[in-house]
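This report introduces a single protein chain to a reader who has not met it before. The sequence and the structure are shown first, and the description follows.

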Amino acid sequence: MTWTEMITINADIPVDKTQVISKFYKLSPLAPEKDLADIALLCSHDAANGFCIRLTWQGEIPENGKSSLGARLADVFSEEGRIHHSVWRRETSLFMLGGRR
């Protein structure tokens, strides 16, 4: 199963994206975590105070609903602003169905 954690951060004031990127690299795991397929930092294209961390996993969703890595990232980035930490299970994909229609 593929599932995704989204940690959305909305800062009260504009943040320095270079500092956010630096913090992201410092906190990202040096060794791959079991079942972690990808981790990405997304920055809002139209707001200087919004960004998101997307973790993509292959495997089962933990019983508590969120990964320990996601919880740590949400906790540390809560210093930057309001956090919304959610989990999404992949149901289907156009590419899984053989391409676009």
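What does the accessible surface of the chain come to, and what percentage of it belongs to carbon and sulfur atoms? The accessible surface amounts to about 6800 Å², and carbon and sulfur atoms account for 54% of that area. These values are computed from a predicted model.

**Overall architecture**

The chain contains two helices and four strands. Followed along the sequence, these elements appear in the pattern β-α-β-β-α-β. The C-alpha atoms fill a box of roughly 40 × 35 × 25 Å along the principal axes. The chain has 101 residues, of which 34% count as buried. Among contacts between residues at least 6 apart in sequence, 68% join residues at least 24 apart. As to charge, the chain carries 12 positive and 13 negative charges, and the mean positions of the two groups are 6 Å apart.

**Pairing of the strands**

The table lists three strand pairs, with the bridges that join them and one example of facing residues for each.

| Strand pair | Direction | Bridges | Facing residues |
|---|---|---|---|
| β2 and β3 | antiparallel | seven bridges | Asp38 and Thr56 |
| β1 and β3 | antiparallel | nine bridges | Thr2 and Gln58 |
| β1 and β4 | antiparallel | eight bridges | Thr8 and His84 |

Strand β2 covers residues 36–43 and strand β3 covers residues 50–58. These two strands form a hairpin, with six residues between them. Strand β1 spans residues 2–10, and strand β4 spans residues 82–89. Strand β1 is thus paired with β3 and also with β4.

**Thr4 in strand β1**

Thr4 is a residue of strand β1. Is Thr4 buried or exposed? Thr4 counts as buried because its relative accessibility is 17%, and the cut-off for buried is under 20%. Beyond its neighbours within four places in sequence, Thr4 is in contact with Arg54, Leu55 and Thr56, as well as with Ser86, Val87 and Trp88. As background to residues of this kind, side chains in a regular strand alternate between the two faces of the sheet.

**Lys23 in helix α1**

Helix α1 comprises residues 17–27, and Lys23 lies within it. Lys23 has a relative accessible area of 18%, so this lysine counts as buried. Which residues does Lys23 contact, once neighbours within four places in sequence are left aside? They are Val76, Phe77, Glu79 and Glu80. Two of these contacts can be described in further detail, as each involves a polar contact between side chains. The side chains of Lys23 and Glu79 are joined by a polar contact of 3.3 Å. Between the side chains of Lys23 and Glu80 there is a polar contact of 2.8 Å.

**Pro29 in the loop after helix α1**

Pro29 is found in the loop between α1 and β2. Its relative accessibility is 27%, and Pro29 therefore counts as partly exposed. Apart from residues up to four places away in sequence, Pro29 touches Leu36, Ile39 and Leu69. How far apart in space are Pro29 and Thr18, which are eleven residues apart in sequence? From C-alpha to C-alpha, Pro29 and Thr18 are 19 Å apart.

Methods: Residues are numbered from 1 along each chain as its sequence is written. This is a predicted model: local features need pLDDT of at least 70, side-chain atom pairs count only at pLDDT 80 or more; totals for chains, interfaces and linings use all residues. Side-chain values use heavy atoms; hydrogens and water are left out. Buried means under 20% relative accessible area, exposed over 50%, partly exposed in between (1.4 Å probe, protein chains only). Contact means heavy atoms within 4.5 Å. Accessible areas come from the Shrake-Rupley method with a 1.4 Å probe; for residues, only the protein chains shown count as cover. Lys and Arg count as positive and Asp and Glu as negative; His and the chain ends are not counted. The place of a charge is taken as NZ of Lys, CZ of Arg, CG of Asp or CD of Glu. A polar contact is a pair of N or O atoms within 3.5 Å; within protein, one must be able to donate a hydrogen and the other to accept it, and residues adjacent in sequence count only if both atoms are side-chain atoms. Two strands pair if DSSP finds at least two bridges between them.
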